[in-house]
Each structure stands twice: as C-alpha cells, then as structure tokens.
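Reader: I would like a close look at one part of this model, with its surroundings described step by step.

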Amino acid sequence: MTLFSDADPLSIAWAPPANETPEAKADRLQREAAAQRVSDAIDESLRAESAALKKRSKVVKILLLGQSESGKSTLLKNLQMTYAPKAWDEQRTSWRAVIQLNLIRSINIILDVLCSISPPHTPNTSSDYSRSDDGHKTNNPSPSPSFRLTDRHTLLRLRLGPLRGVEEDLRRGLGVSFDNDFADTEHEQWATPFDGPQPTADAGAARVAKESRKEGKNACLDDATGIIASCAEDMKALWEDETVRALLEDKGVTLWQNAGFFLDDIERIAVAGYVPTDSDVVRARLRTIGIQEHSITFEDDNVTIEHEEGGRRKSKDGTAVWSKYTRDWVICDVGGCRTSRHAWLPYFTDLTAILFLAPVSCFDETLSEDPDVNRLEDSLTLWAAIIQSPLLKKVMMILFLNKCDLLDRKLRAGVKFRKYRPGDPGERSFGAVLLLLSHMCYRYECHSGDSTDRIHSFNNQLRLHDTLRDDFPYLIPPI
Ligand SMILES: Nc1nc2c(ncn2[C@@H]2O[C@H](COP(=O)(O)OP(=O)(O)OP(=O)(O)O)[C@@H](O)[C@H]2O)c(=O)[nH]1
Ligand SMILES: [Mg+2]
C-alpha cells in the first residue's frame with residue numbers, strides 16, 4: 001500500500017520529493033516524529049483540561065457576600081471545620097500569628113489611651129479608640145472624670161513598649177496594612193457599585209497578598225512569639241487594672257465588641273508553645289483582601305442524613321431539602337468594604353448559591369469607610385440589591401443573620417435599639433429585634449418575586465454547627 005495517493009491533491013502536495021536522498025529522508029522522519037510528539041502532548045493537555053472542566057462543572061460554587069466584618073471568613077472557617085476537618089487541622093498553626101496580632105493590637109489600643117492622658121488628667125474629647133481593628137466607631141458619649149495614673153502605669157507602659165514593634169512586624173509579615181485600609185479612591189464608595197459595568201477583579205493581587213502573608217509569617221513568627229511570651233504578665237496586669245478599665249469605659253472603648261478580642265485569654269495565648277484552638281481560629285480576625293477561592297472536598301461522614309422521602313427530605317426545622325449533596329465545593333470569600341465591592345461582579349457568573357451575611361448587632365455602628373452610613377442600613381441596602389439583581393435571578397440565596405450573640409450582649413448592656421430607629425414604637429427585646437430584621441429581609445424577598453425555594457435564611461448562631469452538619473449541604477440541589 002502506498003502512503004501517498006496519486007489522485008489526492010493534498011497527498012501530492014505533502015509527498016516527499018521523488019529524488020529524496022536517504023539522509024534527507026532520515027531528517028524528515030525525525031522532524032515528523034518530533035511534530036507528532038508535540039501534537040500528542042497538545043492532545044493530552046486538551047484531554048486533561050476537558051476532564052478538569054467536566055469535574056469543575058460538578059462543583060458547587062458559592063460566593064460569600066456581606067459588608068466588612070459581617071462574618072464571611074468566619075462562616076468559611078466554620079464550613080471548613082465541619083466538612084473537611086483533616087484539611088482544617090493542617091492549617092490550624094498558620095493562624096497563630098493572626099491571633100497574636102489581634103491580641104497585641106488590643107494591648108496597643110489600651111497603651112494609646114494611657115498615652116492620651118498625662119497626669120494630672122487632661123480631658124480628651126477624641127473617641128477614636130472605640131474602634132475595632134477596622135475602625136468601626138460606636139456612638140458612645142465620653143464623660144471625663146479625672147484619672148490618676150501611678151508609677152506602676154508608667155512602668156507597664158515602658159515594659160510593654162516593644163509590643164509596638166511586634167505589631168508592626170506581624171502586620172508586615174501577614175501583609176496587613178498599617179493605615180486606613182479603605183483609602184481606595186479609584187472606585188465609588190456606594191453600597192452596590194457592581195450594578196454597572198466594572199473592570200475585572202484582580203484575583204492575582206489577592207494571590208500575591210496571600211503568598212506574601214505566608215512567607216512573612218514564617219519569618220517573623222518566632223521572634224514575635226518570644227517577645228509576646230515575655231510580656232504576658234505585664235499585659236495581664238494592664239488589662240486587669242481597675243483604673244485602666246475605668247479609663248477605657250470613660251473613653252467609650254469597648255474592646256470586647258472588637259473583632260479579634262483575646263484579652264481574656266492572655267495566659268493561654270502569650271506562651272512560647274501556643275497552639276490555637278478551633279474557637280481561637282474562628283474568633284481570629286484577618287481582613288480579606290481581594291477575592292480568595294477555597295476548595296472544600298467533604299471528608300467522609302461529616303454530614304448526617306435523616307428522614308429520607310424520595311428525592312427530598314425534611315430538615316429539623318421542617319424545610320424540604322435534598323437527600324443527597326455534592327461533595328466538591330469552591331467557596332469564594334470576598335473583601336466586604338465598599339471600596340472592594342466593585343470586584344464582586346465578575347464572580348456573579350456560574351454560581352450555585354450566594355451566602356449573604358448580615359450582622360444584626362451593628363445597629364449602633366457606622367461604616368469605617370463612610371462614617372455617615374449606619375452599618376445595619378448598609379447591610380440591608382446591600383441585601384436588597386443582591387436579591388433583586390437580574391444577574392443573580394437564578395442563583396440560590398442563603399441569608400445568615402449573624403452576630404446574634406453580640407446583639408444579645410449589647411441589648412443587655414443597655415444599648416437602645418430604638419435610639420437608632422426613631423420611628424420604632426417602643427424598646428425591643430433581643431427576639432423582637434431579630435424578628436423585625438427577619439421581616440425586613442423577607443420584605444425584599446417578596447419584592448424579588450421569587451419562589452421560596454430560592455431563598456433560605458438562618459438566624460440562630462447557637463446551633464450553627466448542627467445546621468451546617470445536618471441541613472446546610474442538602475439545601476443545594478445535588479449537581
Ligand atoms: N461574637 C461574634 N463574632 C463574630 C460572629 N461572626 C463573626 N464574628 C467575628 O467578627 C470578626 C469579623 O469577621 P470576619 O469573618 O473576618 O468578617 P468578614 O466579613 O470576612 O470581613 P472582611 O474580610 O473585612 O470582608 C471576626 O473576629 C469574627 O470572629 C458572630 O456570630 N458572633
Ligand atoms: Mg473576610
């Protein structure tokens with residue numbers, strides 16, 4: 001059989017010259033073999049790409065949304081802890097530096113307050129200390145009785161001085177900024193800047209930030225741990241000092257309300273061999289920069305199945321859910337401050353569900369990035385925009401009304417909800433505030449004109465772990 005047919009014009013064009021020498025033939029065959037190898041490699045990579053694409057199309061893709069400090073990353077940690085405990089265990093120690101930074105930050109805030117008064121007491125009208133790490137201000141009046149600082153306070157201040165340097169080192173190592181994190185003037189500071197066409201999100205920047213965090217963390221961790229351990233007693237003495245506590249109260253500095261509050265755990269955390277517990281990691285605060293993708297593969301037997309009825313079953317609260325779930329999830333965690341929201345838009349495609357976090361305790365707080373905007377109002381505006389967006393019409397929406405524990409604590413401490421909602425007829429209890437907020441979100445749900453299957457809401461953080469384990473994965477139709 002001849003390889004090149006006389007009748008086929010292509011064969012004629014490709015045929016080797018009739019007078020091809022043996023050397024030329026060997027050279028040609030060699031080149032053809034090399035070309036074949038390249039072609040095989042391309043075929044192989046196309047096959048792998050297509051397999052990956054096929055696998056990816058079987059992945060549940062979730063987008064976590066909500067304002068800054070709404071608890072998106074915290075929910076992500078809870079999901080990782082519940083569904084992929086082995087993978088979670090492996091990253092536990094990497095949170096140590098973040099927790100140390102959270103602790104040192106609180107101590108340095110107290111030192112700032114001490115520095116702001118020089119004995120005898122000079123009244124200070126600034127309430128700049130009533131901030132979380134992100135600077136959410138609470139509206140706290142500041143009466144000014146006189147405070148007498150003693151030599152002991154001066155000594156504590158001096159001995160804790162090195163912690164300023166430790167904070168800087170940890171921040172640098174973790175890639176956490178020093179100044180105002182919201183100083184992005186390029187983008188509009190609206191609640192929903194993703195309504196119009198926007199530039200593509202810089203996911204690469206997020207990756208670079210993540211990498212540099214990892215490297216820097218390793219470099220400065222040991223030094224920081226040593227200094228922190230040597231300051232443990234002084235930190236405890238400072239935090240437990242009655243004058244200091246009274247001074248903080250006078251300045252409206254409610255540190256327990258701040259994200260990443262670890263001052264009650266100094267003895268346990270400020271030691272050389274400190275290993276974070278699950279609860280420490282969940283409470284740790286590290287602002288999300290850009291958009292970060294996390295893959296979770298459910299490890300066996302971490303989700304329970306009960307009450308199967310055909311393809312659907314009932315969850316404990318009576319909702320109809322699916323009897324199977326998809327094991328591979330990709331969860332995108334976003335930065336929630338207003339200047340970051342323009343970057344969300346490109347992630348609105350190919351989504352299975354949006355988990356929206358609305359912190360209910362922030363009714364008396366304003367946004368750090370815009371002190372004229374109430375945080376609760378901002379959350380509701382954002383939820384309304386998300387739920388009514390035509391782009392997200394087919395995406396399942398899961399609303400978490402969270403920080404319920406903080407709401408309860410705040411109301412018990414005497415902060416009046418009504419003060420921030422002048423139209424309200426009377427003071428509301430914890431349950432009544434939650435109900436009101438659920439109704440407000442439900443109103444938007446009704447306006448969006450969707451079937452109830454598209455929208456689900458949770459508001460009981462106390463049984464979050466049970467909800468995640470027993471019901472949550474089954475809400476999403478199996479892929
Ligand atoms: N008390 C309490 N604290 C919570 C709750 N949810 C989250 N937090 C804390 O709130 C702080 C902020 O939570 P994050 O999850 O970092 O907030 P985020 O929405 O990811 O914020 P950005 O990354 O800035 O967009 C953390 O210190 C959490 O531990 C809750 O239900 N109760
Ligand atoms: Mg976050």
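Reader: Leaving aside its neighbours within four places in sequence, which residues is Lys403 in contact with?

Author: In this predicted model, Lys403 is in contact with Gly71, Pro359, Val360 and Ser361, once its neighbours within four places in sequence are left aside. Lys403 itself lies in the loop between β8 (396-402) and α14, and it is buried, because 21 other C-beta atoms lie within 10 Å and the cut-off is 20 or more. Cys404, by contrast, lies in helix α14, and it too counts as buried, with 21 C-beta neighbours inside 10 Å. UniProt, in an unreviewed entry, places the feature "binding site" at Asn402, Lys403, Cys404 and Asp405.

The contact with Gly71 leads on to ligand 1, since Gly71 is listed among the closest of the 21 residues that surround the ligand, together with Ser73, Ala259, Thr288 and Gly336. The elements that give two or more residues to this shell are α3 (72-83) and α14 (404-412), and the largest share, 3 residues, comes from α3. By class, the shell holds 2 nonpolar, 12 polar and 7 charged residues.

As for α3, 10 of its 12 residues are buried, so this helix is largely enclosed by the rest of the structure; among the buried ones are Lys72, Ser73, Thr74 and Tyr83. Its length can be checked as well: at 1.5 Å a residue, the 12 residues of α3 should span 16 Å, and the end C-alpha atoms are 17 Å apart, which agrees.

How values were computed:
Residues numbered from 1 in each chain as written. Chains lettered and ligands numbered in written order. Predicted model: local features only at pLDDT ≥ 70, side-chain atom pairs only at ≥ 80, totals over all residues. Near = placed C-beta within 6 Å. Helix = DSSP H or I, 4+ residues; strand = E, 2+ residues; numbered from the N terminus. Nonpolar A, V, L, I, M, F, W, Y, C, P; charged D, E, K, R; others polar. Expected span 1.5 Å × (residues − 1). UniProt positions renumbered as here; feature names shortened; annotations may be inferred. Contact = placed C-beta atoms within 7 Å.
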